[in-house]
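Please read the model below from its overall layout down to single residues. The sequence and the coordinates are shown first.

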Amino acid sequence: MAAWSPAATASLLRGIRGLPLLHCAQRMFASQTEGELKVTQILKEKFPRATAIKVTDISGGCGAMYEIQIESEEFKEKRTVQQHQMVNQALKEEIKGMHGLRIFTSVPKH
């Protein structure tokens with residue numbers, strides 16, 4: 001039986017997008033990842049009338065998949081698919097590096 005080498009072990013412990021799995025596990029201890037902060041900032045700039053924006057890295061902190069919840073007047077009188085297209089357009093460059101995206105949009109209730 002062959003012994004495990006550090007190189008072999010490291011290659012087996014690669015997670016999403018080649019990041020070590022330990023990197024993903026660190027998510028449990030952080031309040032917000034860099035990716036969450038970046039996506040949130042872009043959405044705040046693109047949707048200045050938003051009353052609520054919540055971005056959650058649902059890939060465990062690796063940045064491969066996000067869930068976005070956004071409430072904004074900009075969505076008023078638009079179909080859900082149009083609202084989602086607006087979010088996709090706002091994140092066009094960031095989406096290129098993602099595996100997936102869940103989008104939930106709504107209009108504020110007055």
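The paragraphs that follow go from the fold to the sheet, the core, an aromatic pair and a few individual residues.

The model is predicted. Its secondary structure comes to 5 helices and 3 strands, and along the sequence these elements follow the pattern α-α-α-β-β-α-α-β. The protein has 110 residues, of which 30% count as buried. The accessible surface comes to about 7,500 Å², and carbon and sulfur atoms account for 57% of that area. If one takes the contacts between residues at least 6 apart in sequence, 56% of them join residues at least 24 apart.

The strands come next. Strand β1 covers residues 50–57 and strand β2 residues 65–72; the two run antiparallel and are joined by 7 bridges. Within this pairing, A52 has E71 of β2 as its bridge partner. Strand β2 also pairs with strand β3, residues 100–106, this time in the parallel sense and over 7 bridges. In that second pairing, Y66 stands opposite L101 of β3. Strand β2 thus has pairings with β1 and with β3. As a general point, side chains in a regular strand alternate between the two faces of the sheet.

Which elements supply at least two residues each to the largest nonpolar core? That core holds 14 residues, and the members that touch the most others are V39, L43, F47, I68, I70, V87 and L91. Helix α3 (34–46), strand β2 and helix α4 (80–90) each supply at least two residues of the core. L91 shows how parts of the chain meet there: apart from neighbours within four places in sequence, L91 is in contact with V39, I42, L43 and I68.

F47, one of the core residues named above, also takes part in an aromatic pair. The count of such pairs comes to 1. A pair of aromatic rings is described by the distance of the centres and the angle of the planes. For F47 and F75 the centres are 5.4 Å apart and the planes are at 50 degrees, which makes the pair tilted. F47 lies in the loop between α3 and β1, and F75 in the loop between β2 and α4, so the pair ties together parts that are 28 residues apart in sequence. Both rings belong to buried residues: F47 has a relative accessibility of 4%, and F75 has a relative accessible area of 0%.

Is E36 of helix α3 buried or exposed? E36 counts as buried because its relative accessibility is 0%, and the cut-off for buried is under 20%. The side chain of E36 reaches the backbone nitrogen of D57 at 2.6 Å. D57 falls within the residue range of strand β1, while E36 is found in helix α3.

Two further residues have higher accessibility values. Q85 sits in helix α4 and, at 49% relative accessibility, counts as partly exposed. The C-alpha atom of Q85 is separated by 9.8 Å from that of I103, a residue 18 places away along the chain. E77 lies in the loop between β2 and α4 and counts as exposed at 80% relative accessibility. Most residues other than glycine have a negative phi. E77 is not a glycine, yet has a positive phi of about 65 degrees.

Methods. Residues are numbered from 1 along each chain as its sequence is written. This is a predicted model: local features need pLDDT of at least 70, side-chain atom pairs count only at pLDDT 80 or more; totals for chains, interfaces and linings use all residues. Side-chain values use heavy atoms; hydrogens and water are left out. Two strands pair if DSSP finds at least two bridges between them. Helices (H or I, at least four residues) and strands (E, at least two) are DSSP runs, numbered from the N terminus. A nonpolar core is a set of buried Ala, Val, Leu, Ile, Met, Phe, Trp, Tyr and Cys residues joined through side-chain atoms within 4.5 Å. Buried means under 20% relative accessible area, exposed over 50%, partly exposed in between (1.4 Å probe, protein chains only). Contact means heavy atoms within 4.5 Å. Rings of Phe, Tyr and Trp (its six-membered ring) pair if their centres lie within 6.5 Å; planes under 30 degrees apart count as stacked, over 60 as edge-to-face and the rest as tilted. A polar contact is a pair of N or O atoms within 3.5 Å; within protein, one must be able to donate a hydrogen and the other to accept it, and residues adjacent in sequence count only if both atoms are side-chain atoms. Accessible areas come from the Shrake-Rupley method with a 1.4 Å probe; for residues, only the protein chains shown count as cover.
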